[in-house]
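Me: I have a protein model open and I keep meeting words like "buried" and "core". Could you go through what makes each word fit?

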Amino acid sequence: MLVPAGGGGLVAGTALAFSEASPSTAVHCVEPRDFDDHRRSLIAGARVGNAGGASSICDALMAPMPGALTFAINVRRLVGGFAVSDEEVAAAMRFAFEELKLVVEPGGAVALAALLSGQFDAKGKAVALVLSGGNVDPALFARVIAG
């Protein structure tokens, strides 16, 4: 299971639900490359913040640090995380639009970006992705779709 992460609420809720409904399902967070505080925090075993000054088209996922309450859940329930580039996110948004007929905001496309970019090896696995949100600036969406 691949789930977008900003402050960590969506991925924590997903991980809690799957820990009951399907305990063998491995849940991973996915974040923009320069805002991968959850991924790095999971590796460190403690909350780690993001460096200032970075930017991303994934404006919904630019939290400065994992939330204290959500990280307490995520450090026990997530198996790891992935960080994707804005270019990989844009490619995932195009794929979602062209192949799935979905409008997905940048932050909501990070899980698909991790899969399409090959960061997550799906070979021989059943995979679930959370694609969330259609709140994307029309001008940005037009540029992304145009390639």
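Reply: Gladly! Keep in mind that this is a predicted model. A good place to begin is Met93: leaving out residues up to four places away in sequence, Met93 touches Val104, Glu105, Pro106, Ala109, Val136, Phe141, Val144 and Ile145.

Me: What makes these residues count as touching Met93?

Reply: The cut-off for a contact is heavy atoms within 4.5 Å. Val104 and Phe141 are among the residues that meet it with Met93.

Me: Which residues have the most contacts inside the largest nonpolar core?

Reply: Met93 is one of them, along with Leu2, Val30, Val84, Val89 and Val110, in a core of 23 residues. Strand E3 and helices H4, H5 and H6 each supply at least two residues of this core. Another core, of eleven residues, lies apart from it and includes Met1, Val3, Val27 and Val130.

Me: How do you know that Ala111 is buried or exposed?

Reply: Compare its value with the cut-off: buried means under 20% relative accessible area. Ala111 has 0%, so it is buried. This residue sits in helix H5. Setting aside neighbours within four places in sequence, Ala111 is in contact with Leu2, Val3, Pro4, Val30, Leu129 and Val130. The C-alpha atoms of Ala111 and His28 are 9.0 Å apart, although 83 residues separate the two along the chain.

Me: Why is Lys101 called exposed?

Reply: Here the cut-off is over 50%. Lys101 has a relative accessible area of 65%, so it counts as exposed. Lys101 lies in the loop between H4 and H5.

Me: What is notable about the phi of Lys101?

Reply: Its phi is positive, about 60 degrees, although Lys101 is not a glycine. For background, most residues other than glycine have a negative phi. A glycine with a positive phi can be found here too: Gly45, which follows helix H2, has a phi near 80 degrees.

Me: How do you know that the buried residues of H2 line one face of the helix?

Reply: Start with which they are: Asp37, His38, Ser41 and Leu42. Seen down the helix axis, the buried residues fall within an arc of 130 degrees, so they line one face of H2. On the other side of H2, Ile43 and Ala44 are exposed. Strand E2, helix H3 and strand E3 are among the elements that cover the buried residues of H2.

Me: What puts the buried residues of H6 on the same side?

Reply: In H6 the buried residues are Leu140, Phe141 and Val144. They cover an arc of only 100 degrees around the axis, so they are on the same side of H6. There is a general reason to expect such patterns: an α-helix has 3.6 residues a turn, so residues three or four places apart point the same way. The buried residues of H6 pack against H4, while the face turned away from the buried side carries the exposed residues Pro138, Arg143 and Ala146.

Me: Why is E3 described as largely enclosed?

Reply: Five of the seven residues of E3 are buried, so the rest of the structure largely encloses this strand. As for E2, six of its six residues are buried.

Me: What makes E2 and E3 a pair of strands?

Reply: Pairing requires at least two bridges between the strands. E2 and E3 are joined by six bridges and run parallel, so by that cut-off they pair. Within this pair, His28 stands opposite Gly80 and Glu31 stands opposite Ala83. E1 and E2 also run parallel, with three bridges joining them; Pro4 has Val30 as its bridge partner in E2. E1, helix H1 and E2 together make a right-handed β-α-β unit.

Me: How do you know that Cys58 has no bond to the closest cysteine sulfur?

Reply: A disulfide needs two cysteine sulfur atoms within 2.5 Å. The sulfur of Cys58 is 13 Å from the closest one, in Cys29, which is too far for a bond. The count of disulfides comes to zero. Both cysteines are covered: Cys29 has a relative accessible area of 0%, so it is buried, and Cys58, at 0% relative accessibility, counts as buried.

Terms used
Residues are numbered from 1 along each chain as its sequence is written. This is a predicted model: local features need pLDDT of at least 70, side-chain atom pairs count only at pLDDT 80 or more; totals for chains, interfaces and linings use all residues. Side-chain values use heavy atoms; hydrogens and water are left out. Buried means under 20% relative accessible area, exposed over 50%, partly exposed in between (1.4 Å probe, protein chains only). Helices (H or I, at least four residues) and strands (E, at least two) are DSSP runs, numbered from the N terminus. The arc is that of the directions from the helix axis to the C-beta atoms. A nonpolar core is a set of buried Ala, Val, Leu, Ile, Met, Phe, Trp, Tyr and Cys residues joined through side-chain atoms within 4.5 Å. A crossover is right-handed if, with the strands pointing away from the viewer, the path from the first strand over the helix to the second runs clockwise.
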